[in-house]
Amino acid sequence: MTDPRAEIISAYAATAAMPDDTGHFPTDDALFGGRFMPEALMAVLKELTEAYEVSKTDPAFHQEFADLLLHYANRPSLLTEARNLSARAGARILLKREDLNHTGSHKINNVLGQALLAKRMGKTRVIAETGAGQHGVATATAAALLGLDCVVYMGAEDTRRQALNVARMRMLGAEVVPVAIGSQTLKDAINEALRDWVASADTTYYALGTAAGPHPFPAMVRDFARIIGVEARRQCLEATGALPDAVCACVGGGSNAIGVFHAFVPDESVRLYGFEAGGSGVATGLHAASITGGSVGVLHGTRTYLLQDQYGQTQESHSISAGLDYPAVGPEHAYLHATGRGIYEPVDDAEAMAAFRTLCETEGIIPAIESAHALAGALRIAPQLAAELGREPVIVVNLSGRGDKDMHTAAGYFGFEGGEQ
Amino acid sequence: MNRLQDVLKAARAENRAVLIGYLPAGFPSVDGSIDAMRAMVEGGCDVIEVGLPYSDPAMDGPVIQAAADQALARGVSTPEVIRAAGAVADTGAASLIMSYWNPIEHYGVDRFASDLAAVGGSGVITPDLIPEEAGPWIEASDKHDIGRVFLVAPSSTPERIALTAAACTGFVYAGAVMGVTGARDQVGHAARSLVERTRAATDQPVCVGLGVSTGDQAAEIAAYADGVIVGSAFVRRLLDNRDPRKGVDAVRELAAELAEGVRRGSGQR
């Protein structure tokens, strides 16, 4: 029997070759990652890097983090064999059930780790940005549990799309600040959180919600989410006797994806598929597919792929999924793409919503619309993999969150009463 | 030696601080911003920072955000910002561009330095670029004789101040407060202490910005710093005067008030 506590600790404590000592992910194409931030934030970023590095080897931190994930967040999460969906897909599909975590998504893993770090650094206040609201809810939850003041910045457009999550955050005692500048979505919420942080870093911890931003966030957020892939790898071996042929995840900023991918990176036979939000289609320009439809640049402190115009101005992203509606991607995904280890493809709104409905009807599971992008991608690659391998492929899909928050959008999309039109 | 270095050296010879004024190019229009920046020079600014409006100005407060948003909505482009910098250089003032990093990287680092030098620009301020990430920029700016201005902050350690100052070739920009751009009632003691700490590490000129908006504040800073940097207060004048001529006049008046303050403060050294 696996000891779940030991599994959580080893997942977090594992050392990785990347990023390098300077916080970069070097490739032949570009030097991804780094720290493109004002000097005013360098002191707190150094303080954070030191706290993170200490926590990686500190048994007391390991115990606290493992306790929270085991007895509060509901880890380990299940790996569910989706028999009805598998029959339809022509592949053996295993769902990694991050939707069953407390607060309803993978975000709680990262947030509990960061909130513990905040306490250790002596901070009394935590701020966060949120798109779909899942990271905001997770942060508000951790802040309530650990006795931290909490302010969540959220694009005004997103507060309308995700009103339920706004109410949840407020119930949990957080202040939700609608950001009504720029495109009024996730990227503007990050800008506003950075403006807060540069003036408040003495007392305030910035809990960035995805594996992006300046070093050490991409590495640290990955490490807190890394348990997803470590569990999935073990559970797949137990269930099937072999590693999967592919692991699929949706990619916005990419924290659930790097969390489920990272343990599989050394397993060369396992294909890693990241599905970006294709919106109305990459060719229309209305999408959030930073790798497929973007170019190399710097946004929010890191060099990565992003959506930008000919003068390096960030372009607005578009997706039916608020959680994927971000015009850049974490630098480790840029690295995995540039080195060929990861395969990144767009899934448009219509494909994602078809997969959303299929999972509801075949398995009785309502996924987050974000996660439906990963499902749609898995359904697309299943016949390709079957043909290539000459047998039924085994595919792990990271079901990063549950879809309760999306009912208004889904009801509107499918024309049910009570949905948004 | 380029124009920026000349201006700073001449002021030092006169034992006075320089006045550095900021406006984003393209607000209210490209030509309108050029008119306003010329008025700043007429009012007494020695150096002009031509702002390159950016979609994600995470270090700017609401006033500069509003101006940058309007400039971008009207489609201001990097070549037009460089043109504005050239028009400022033609006045004889030192002309710098202030830009977040991505527009420079995307334009092409060497091309940016080369095109700016070609129109007479003499420096670039890069608020979200630290020397450790600036390898290609250091090479290109050296090649085209463009002054480099990096920032130090009240939170900077002595080691980081030394490292940052050593990478500057124009002046060192000392951020007076921890926070984003925008006028403040008091600039406070952090600025003076930061200038002293920076002087301990470098002979480069040290100029103070963030929060400065009045002649009296300018005088206070000019008593100990090599330059006083004012941004949001100028932008405010343009935002508050929808009639472009009145806006330009208001900007000229503010420049004169600040220039008087700088000379008054410099006299108290």
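Q: What makes a residue of chain A count as buried, and what share of the chain does that take in?
A: A residue is called buried when its relative accessible area is under 20% (exposed means over 50%, partly exposed lies in between; 1.4 Å probe, protein chains only). By that cut-off, 66% of the 421 residues of chain A are buried. The model is predicted, so local features need pLDDT of at least 70 and side-chain atom pairs count only at pLDDT 80 or more, while totals for chains, interfaces and linings use all residues, and side-chain values use heavy atoms, without hydrogens and water. Residues are numbered from 1 along each chain as its sequence is written, with chains lettered from A and ligands numbered from 1 in the order in which they are written.

Q: Why is chain A called as compact as a globular protein of its length?
A: Chain A has 17 helices and 14 strands (DSSP runs, numbered from the N terminus: helices are H or I with at least four residues, strands E with at least two). Its radius of gyration, taken over C-alpha atoms, is set against the globule rule, 2.2 Å times the number of residues to the power 0.38. For 421 residues the rule gives 22 Å and chain A has 20 Å, which is close, so chain A is as compact as a globular protein of that length. The C-alpha atoms fill a box of roughly 55 × 50 × 45 Å along the principal axes.

Q: What makes up the contacts in chain A with a separation of 6 or more?
A: A contact means heavy atoms within 4.5 Å. Of those contacts in chain A with a separation of 6 or more, 74% join residues 24 or more positions apart. In chain B the corresponding share is 72%.

Q: How much surface does chain B expose, and which part of it comes from carbon and sulfur atoms?
A: Areas come from the Shrake-Rupley method with a 1.4 Å probe, and for residues only the protein chains shown count as cover. Chain B exposes about 9,500 Å², with carbon and sulfur atoms supplying 50%. For chain A the surface is about 13,800 Å², and 52% belongs to these atoms.

Q: What is counted as a charge in chain B, and how far apart are the centres of the two sets?
A: Lys and Arg count as positive, Asp and Glu as negative, and His and the chain ends are left out. Each charge is placed at NZ of Lys, CZ of Arg, CG of Asp or CD of Glu. Chain B then has 24 positive and 34 negative side chains, with centres 4 Å apart.

Q: Why are β5 and β6 of chain B called edge strands?
A: Two strands pair if DSSP finds at least two bridges between them. The open sheet of nine strands in chain B has the order β5-β4-β3-β2-β1-β9-β8-β7-β6, with parallel pairing. Strands β5 (147-149) and β6 (151-152) each pair on one side only, and this makes them the edges.

Q: How do you know that β1(B) pairs with β9?
A: Four bridges join β1(B) to β9 (residues 227-230), and the two run parallel; among them, B:Gly21 has B:Val230 as its partner. With at least two bridges required, the two strands count as paired. On β2 (residues 47-51), five bridges join it to β1(B), also parallel, and B:Leu23 is partnered by B:Val50.

Q: What makes β1 of chain B mostly covered?
A: Seven of the seven residues in β1 (residues 18-24) are buried. B:Val18, B:Ile20, B:Tyr22 and B:Pro24 point one way and B:Leu19, B:Gly21 and B:Leu23 the other.
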